Each structure stands twice: as structure tokens, then as C-alpha cells.
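Let's take a tour of this protein, one spot at a time. Have the structure open while you read.

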Amino acid sequence: MNSPRLNTANFRDPDRAARLAEEIRRLAGDRPLRLMEGCGTHTVAIARAGLKSLLPEGIRLVSGPGCPVCVTPQETIERMIARAKQPKTILATFGDMLKVPGTSSSLREEKSRGADVRIVYSPLEALRLARENPGKRVVLPAVGFETTQPPVAAAVIEAERSGLDNFYIIPAGRLIPPALELLCGDPETRIDGLICPGHVSVIIGLEPYRDLARRRRVPCAVAGFEPVDILGAVRELVRMAVSGESGAVNLYPRAVREGGNPKARRTAAEVFRPVDAAWRGLGVIPAGGAGLRARYHRFDIDRADPVEIPPAPADPACICGRVLRGAADPADCPLFGSGCDPSRPRGPCMVSAEGACAAWHRYGVKG
Amino acid sequence: MKIIRVEGDTARASLSGLEQEIDVRFLDDPRPGDYAIVHAGFAIDKLDPEEAKKTLDLFRQLSAEGLTPPSGPLPPEK
Ligand code: SF4
């Protein structure tokens with residue numbers, strides 16, 4: 001029984017891309033439109049493929065709050081660093097958190113000073129570390145969107161079942177639709193259409209966008225990550241915007257089902273519930289974060305062992321917050337490329353591979 | 001990633017020759033030969049090659065009249 005082969009090369013086909021770009025030009029005329037990509041992976045794909053140069057002058061692609069590391073507030077960064085410094089503690093983190101600058105150091109610096117900071121790829125690796133190191137506690141900063149919460153929840157459930165008492169998380173998950181909703185009403189952002197995140201949508205499905213489109217009258221298109229996927233989405237958003245339609249379309253049906261992935265959602269919902277949460281650049285968003293349910297509170301390191309974190313203002317020179325709101329481009333930052341680059345990042349948007357500043361820097365996007 | 005072998009909740013999967021262990025508890029009926037989208041060590045869903053073809057056909061047929069998305073017609077607005 002052979003399954004059909006998956007061929008993604010056609011989604012990178014320059015001819016198809018050129019034809020879509022041509023259609024976009026025709027549909028848009030000289031209408032200026034601002035389309036937001038709600039996902040860091042889109043930002044990277046757009047920069048890498050140089051898609052902005054294919055689009056007419058008036059069509060602006062602005063990046064949004066779709067990079068989990070970037071939207072993590074400064075206070076949470078300080079909390080992770082403080083945990084890493086504690087004795088008998090292994091801080092198990094996803095790799096792109098390592099270089100995010102705190103007020104006086106970063107996880108990488110603490111690691112070089114002897115803190116036990118380990119990079120994990122899966123939350124289950126953090127769980128394994130906890131099993132292998134019974135004399136220490138393992139703390140996983142659970143940064144991530146709807147895509148990451150089911151894996152983290154699975155690890156928490158396993159820890160509970162196996163009675164593991166040295167595994168903890170810093171609940172730092174965030175929920176995308178409330179953030180998009182907020183930005184749809186932001187006069188500084190001014191969105192005419194949303195390129196909805198591909199992998200978050202694999203989990204949440206189409207309904208949240210239908211809802212958003214209904215209430216905010218904004219066209220939404222779920223898209224994959226190849227140039228043809230993204231141009232196809234831009235084309236449909238431009239068509240809807242020009243004709244005054246709103247609605248949500250799924251242009252990534254090879255990965256995204258209408259109802260998302262209910263199994264993954266059920267696992268996440270067993271452990272997490274929506275709570276008000278602070279986002280870098282966006283402030284506190286009602287129901288914008290994933291907090292632990294009461295029965296799993298004992299896995300919250302800040303409940304098990306509270307620490308005082310001194311107020312941690314974000315670097316005032318860094319405009320990441322405005323970049324995350326689509327109110328500024330990386331190139332609008334005076335430090336971009338001169339004072340801030342991936343080797344010496346001043347803000348998280350230059351650290352994370354999914355950050356807009358990092359993507360622009362890496363692929364030489366001019367704005 | 002392409003699934004090679006499934007054992008309970010875990011599977012071996014490969015991408016361009018690199019093999020890795022992934023967790024497949026969020027998939028319905030994972031089988032060898034399935035393509036999976038993997039995030040943080042977990043397969044979050046399968047990729048459907050048939051749908052990939054349909055999307056390309058759809059992009060080809062686009063016209064200024066608009067499109068009917070593969071997931072069904074646009075919901076009525078207003
Ligand atoms: S270029 Fe650097 S300092 Fe400027 S917004 Fe981006 S991350 Fe912040």
C-alpha cells in the first residue's frame with residue numbers, strides 16, 4: 001500500500017510565482033494595501049525568496065506578532081535567567097531563547113559562567129532530563145503558540161502520571177487569535193488582510209479566523225510557506241480586500257484541516273486554559289496566554305518556588321515592540337545592522353531565527 | 001518528514017535522509033509512508049499529497065472572479 005508522493009517543488013516554481021505576481025498587480029491596480037503575516041516562518045520565507053520585490057509598490061507585507069521568542073515579555077526573560085542561576089537547577093530551553101538579552105546577561109552568558117542550561121528540541125527531552133537527574137529540578141520555559149502547547153501539555157501529563165516531582169515549567173505560552181484581533185483594531189497597524197499562520201492553524205483550524213473575519217471585517221487566508229503558497233494567499237487577500245469581502249480561506253489544505261487537530265487541542269486544553277497575558281509590544285491581551293489549570297499548578301515553578309524579579313524595562317533603543325505590531329519595519333530601527341546584528345543582538349527580533357529583524361538582516365531585505 | 005516505522009506513540013521519520021524519532025500521539029492512525037508536519041518533536045498532523053495537488057490546480061485556475069476554497073465556499077458575510 002503506497003501512499004502518493006508529496007511533491008512540493010511546484011510550490012517553489014518561479015513561473016507559477018511570476019503568474020501569481022502578475023495577477024496580484026492586475027487585481028490591486030494602484031490600491032495601497034497592507035497585509036500582515038501572522039507567523040514568523042512566513043516572515044522568513046518572504047525574506048528568503050525576496051517576495052517583496054515581486055509585488056507592486058502599493059502592496060506592503062508587514063510582519064506581525066508571530067515569533068514566540070520575540071513576543072515573550074522582558075519580565076519572563078529575566079525570570080528564565082534568574083532560574084538558570086539557581087543551584088541544583090537545569091534550565092531546559094528551546095534553542096532560540098539562548099541569546100535573548102536580559103538586562104544584565106542572557107542564558108548563553110549564564111551557561112558560559114557555569115549555569116546548567118540545556119537546549120532541548122522536544123518537551124519530552126526535558127522530561128527525560130528530569131528522570132535522569134533526580135537530585136536536580138528541571139525547568140522548561142514553555143514559550144510558544146498553539147503549536148507548542150500540545151507537546152508541552154503532553155510532557156506535563158506524563159510527569160503527573162509518572163509522579164515525577166522535579167519537572168517544572170515557566171508557563172509562557174501565548175494564543176495567536178486574540179493578538180490578531182487586537183492588531184486588527186490598531187490604527188497604527190492598519191491591516192487590510194491577514195496571512196494566517198500555517199502551523200498554528202494546523203492545530204486551531206479555520207473557525208477562529210472565520211470569527212475574526214466576521215467581527216473585524218478583515219480578509220484572512222491560511223497559507224503554507226513556499227513562495228507559491230504565500231503569493232497565492234496575497235492574491236486572494238488582495239482580491240477580497242479590493243472587492244470589499246471578508247472571510248477566511250484555507251490555502252494550505254495539504255496541512256490544515258477545517259477543524260484543526262482536535263486531539264492535540266484536547267491535550268493542550270487538559271493542561272492549559274486561556275489567561276490574560278502580557279506580550280512584548282502589545283501589552284496585556286485578554287485571554288492571550290496559556291496558563292496552567294489548577295490541577296497542574298504544582299508544575300509551575302513560580303508557584304512552587306516564587307522568586308522576586310526586579311522590574312525589567314526592555315531596552316528603550318530597541319523598537320521590537322513596534323515591529324511586532326506591524327507599526328515599524330526592522331529597517332526603521334536606527335540600530336538595525338549598526339549596533340544590532342545576529343552576533344550582538346539588542347532585542348529578541350534579532351535573536352530568533354523567526355524574528356523579523358533577523359530575517360531582514362540575513363537576507364538583505366531593504367524595506 | 002516521512003514516517004518509516006511506528007511503535008506505539010513514537011515513530012522513526014526521515015527528512016532528506018536524516019532520521020529522527022518523533023512522537024505521533026496527535027495523529028489518527030499513523031502509518032509508514034505518511035508525511036507528517038513535525039514541531040517540537042511531535043507530529044502535529046499529516047500532510048495530504050492529494051490536497052497539495054488540488055491547491056496547485058486551484059492557483060492555476062484562478063481568475064478575477066475569485067475562488068472557491070478547497071474547504072468549501074466562503075461563509076456568507078454581513
Ligand atoms: S534591529 Fe535590533 S534593536 Fe532594532 S528593533 Fe530589531 S532587534 Fe531591536
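## Two cysteines by the ligand

Let's start with Cys333(A): its relative accessibility is 12%, and buried means under 20%, so Cys333(A) counts as buried. Keep in mind that this is a predicted model. Cys340(A) is buried too, with a relative accessible area of 9%.

Both cysteines turn up again around the ligand, where the surrounding residues include Cys333(A) and Cys340(A). Also in that ring are Cys318(A), Ile319(A), Cys320(A), Leu335(A), Phe336(A), Arg346(A), Gly347(A), Met350(A) and Cys357(A). What kinds of residues make up this shell? Nine are nonpolar, one is polar and one is charged. As for the ligand's location, the ligand sits in the largest cavity.

## One disulfide

How many disulfides does the structure hold over all chains? Just one. A disulfide is a covalent bond between the sulfur atoms of two cysteines. Here the partners are Cys67(A) and Cys70(A), with their sulfur atoms 2.2 Å apart. The torsion about their S-S bond is about 70°, so this disulfide is right-handed. Both Cys67(A) and Cys70(A) are buried.

## A mostly covered helix

Now look at helix α2 of chain A, residues 40-49. Seven of its 10 residues are buried, so to speak tucked under cover: Gly40(A), His42(A), Thr43(A), Val44(A), Ala45(A), Ile46(A) and Ala47(A).

What covers the buried residues of α2(A)? The cover includes the strands β1 (33-37), β2 (59-63) and β7 (193-196), along with the helices α9 (198-204), α11 (227-242) and α15 (356-363), all of chain A. Just after α2(A) comes Gly50(A), which takes a positive phi of about 65°.

Conventions. Residues numbered from 1 in each chain as written. Chains lettered and ligands numbered in written order. Predicted model: local features only at pLDDT ≥ 70, side-chain atom pairs only at ≥ 80, totals over all residues. Heavy atoms only, no water. Near = heavy atom within 4 Å. 1 Å grid on protein atoms, 1.4 Å probe; cavity = no way out; pocket = protein on both sides within 12 Å on 5 of 7 lines; lining within 4 Å. Sits in = over half its atoms within 2 Å of the grid points. Nonpolar A, V, L, I, M, F, W, Y, C, P; charged D, E, K, R; others polar. Buried < 20%, exposed > 50% of the residue type's maximum accessible area, 1.4 Å probe, protein only. Helix = DSSP H or I, 4+ residues; strand = E, 2+ residues; numbered from the N terminus. Contact = heavy atoms within 4.5 Å. Disulfide = S-S within 2.5 Å.
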